[in-house]
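Student: I've got a model open on my screen and I'd like to talk it through. Can we take it one question at a time?

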Amino acid sequence: MGAINTAAYLAQIRSRMDAQQQVVALLESELQKSILGNTTTTVGDITGDGGKIDEIYQTLNGTAKTEWRKSIESANVGFDPTAAVDQDALRQLLYQARALLGELRIEEQAWNGEVNSEKTLRKEVNDFAKI
């Protein structure tokens, strides 16, 4: 089994964080529109196949079916995708999106430590080789 390129993996995590931040911003915007009564957005427009969240994730990895997206689908069992978005549903989606963003931040911190450790080790090996 080959060694993990920690810097590349950290970059992937950061890309996932960027996409998740876009999802959070989208949901915050939709919630604000809903609170102001200025929306015709449906549940399907946000979470359905080809919805706004799908578009964000497709730019990330070419596929819209992410674990978070699958959990949204299972949580929305019984929701009518053509119904107007409910504020409570938006708040729940926003809660889930922020929770995933928090998990990604923790993962980023751990891998950032790995990258820094690897850099330090590489420097020490180079310094030792010069002796």
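What follows is a short chat about this predicted model.

Student: Which helix has the lowest confidence in the protein chain?
Tutor: The chain averages a pLDDT of 78, and 76% of the residues score at least 70. Confidence peaks in helix H1 (residues 6-36), at a mean of 88. Where pLDDT is low, the predicted coordinates should not be read in detail. The lowest mean, 58, belongs to residues 67-75, helix H4.

Student: Is the one aromatic pair stacked, edge-to-face or tilted?
Tutor: The structure holds 1 aromatic pair. Its rings, from tyrosine 9 and tryptophan 111, have centres 4.6 Å apart. Tyrosine 9 is in helix H1 and tryptophan 111 in helix H5, so the pair ties together parts 102 residues apart in sequence. The planes sit at 55 degrees, so we call the pair tilted.

Student: How many residues in sequence separate the parts tied together by glutamate 28 and arginine 98?
Tutor: Those two side chains meet in a salt bridge, at 2.5 Å from N to O. Glutamate 28 lies in helix H1 and arginine 98 in helix H5, so the pair ties together parts whose separation in sequence is 70 residues.

Student: Is glutamate 30 buried or exposed?
Tutor: Glutamate 30 forms a salt bridge with lysine 33, with the closest N and O atoms 3.7 Å apart. Both lie in helix H1, about one turn apart. Lysine 33 is partly exposed at 33% relative accessibility. Glutamate 30 has just 2%, and the cut-off is under 20%, so glutamate 30 counts as buried.

Note on methods. Residues are numbered from 1 along each chain as its sequence is written. This is a predicted model: local features need pLDDT of at least 70, side-chain atom pairs count only at pLDDT 80 or more; totals for chains, interfaces and linings use all residues. Side-chain values use heavy atoms; hydrogens and water are left out. pLDDT is the predictor's confidence in each residue, from 0 to 100. Helices (H or I, at least four residues) and strands (E, at least two) are DSSP runs, numbered from the N terminus. Rings of Phe, Tyr and Trp (its six-membered ring) pair if their centres lie within 6.5 Å; planes under 30 degrees apart count as stacked, over 60 as edge-to-face and the rest as tilted. A salt bridge is a side-chain nitrogen of Lys or Arg within 4 Å of a carboxyl oxygen of Asp or Glu. Buried means under 20% relative accessible area, exposed over 50%, partly exposed in between (1.4 Å probe, protein chains only).
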